[in-house]
Amino acid sequence: DWYNIGDSSIYGYIINDYMACGVYGTAAIIKYYEGDTYSYSDIVDACKTIARLNGYASQDEESGEWNYYIALGSMAPYVQLCINAFSLIKTASSSLLSWSTGTSEISNDRPVLLNIWYSEQYDDHTVTAYAWTRFSVLSGGLTEIIRFFKVKDGYAAGNRYVNYETVTGSYITKVY
């Protein structure tokens, strides 16, 4: 089984700010819905401003550097503020049912934010998922199911895969 919204459907972003994976992922989803109305950098700048003005970001007193880490449970309210800033008629919500929720949303052409507490690839990181694949592998007479989300992760502009079988602790923020 599989579904892919499209490899070029999500802007290939590189995170240039401290702990800003949720901010950049949010901007990528807004860019997906807005198309060419706004540039990705304009959306990121607006989302960073929203984070700073609404207490989702903190500033180091000595260095002046902003920390854009969005805490567990705060992603959906933050994303909703960003959506509202662009007058999108959408709702953001989060759920712990990551695989079933993620595949349902993606199969309905709605990319999601996947926050991964820990996996082979990521440690407390948010990525933008826009495709999924499920393989049945027959090995030694037993069938094993291996599941992947295809993502933009902010570390490279290209497409990456998350082996969902290695994920420990995750939640989905959907925009619908």
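The radius of gyration used here is taken over C-alpha atoms, and the rule for a globule is 2.2 Å times the number of residues to the power 0.38. For the predicted model described here, that rule gives a value near 16 Å for a compact globule of 176 residues, and the chain, with a radius of gyration of 16 Å, therefore agrees with it. Taken along the principal axes, the C-alpha atoms of the chain fill a box of roughly 60 × 35 × 25 Å. Buried residues account for 45% of the 176 residues, and, among contacts between residues at least 6 apart in sequence, 59% join residues that are at least 24 apart.

The chain contains four helices and nine strands, which follow one another from the N terminus in the order β-α-α-β-β-α-β-α-β-β-β-β-β. Helix α3 takes part in two of the helix packings described below, one with α1 and one with α2.

Two packed helices are described by the angle between their axes and the distance between the axes. Helix α1, which spans residues 21–34, packs against helix α3, residues 75–85, at an angle of about 45°, and the two axes lie 10 Å apart; α1 and α3 are therefore oblique to each other, and their crossing is right-handed. On the α1 side the contact is made by G22, V23, T26 and I30, and on the α3 side by M75, Y78, V79, C82 and I83. Of the residues in this contact, seven are nonpolar and two are polar, while none is charged.

Helix α2, residues 40–53, packs with α3 at an angle of about 130°, with the axes 10 Å apart. The pair α2 and α3 is therefore also classed as oblique, and α2 passes α3 in a right-handed crossing. Here C47, K48, I50 and A51 of α2 meet Y78, L81, C82 and A85 of α3, and the residues of the contact divide into seven nonpolar, no polar and one charged. Residues Y78 and C82 of α3 are thus listed both in the contact with α1 and in the contact with α2. A85, which has its place in helix α3, is partly exposed, because its relative accessible area is 47% and the class of partly exposed residues lies between 20% and 50%. The C-alpha atom of A85 is separated by 14 Å from that of V175, a residue 90 positions away along the chain.

Helix α4, residues 98–107, is mostly covered, with seven of its ten residues buried; the buried residues are S98, W99, T101, G102, T103, E105 and I106. What covers these buried residues includes the strands β1 (2–4), β4 (92–95), β5 (112–118), β6 (123–139), β7 (142–152) and β9 (168–175).

Most residues other than glycine have a negative phi. In this chain, D109 has a positive phi near 60° and is not a glycine; D109 is found in the loop between α4 and β5, and is partly exposed, with a relative accessible area of 34%. A positive phi, of about 50°, is also found for D124, which is likewise not a glycine. D124, however, is located in strand β6, and at 29% relative accessibility D124 counts as partly exposed.

Methods
Residues numbered from 1 in each chain as written. Predicted model: local features only at pLDDT ≥ 70, side-chain atom pairs only at ≥ 80, totals over all residues. Heavy atoms only, no water. Axes fitted to C-alpha atoms, helices over the stretch in contact; angles between N-to-C directions. Parallel < 35°, antiparallel > 145°, perpendicular 65-115°, else oblique. Left-handed = near helix turned anticlockwise from the far one by under 90°. Contact = heavy atoms within 4.5 Å. Nonpolar A, V, L, I, M, F, W, Y, C, P; charged D, E, K, R; others polar. Buried < 20%, exposed > 50% of the residue type's maximum accessible area, 1.4 Å probe, protein only.
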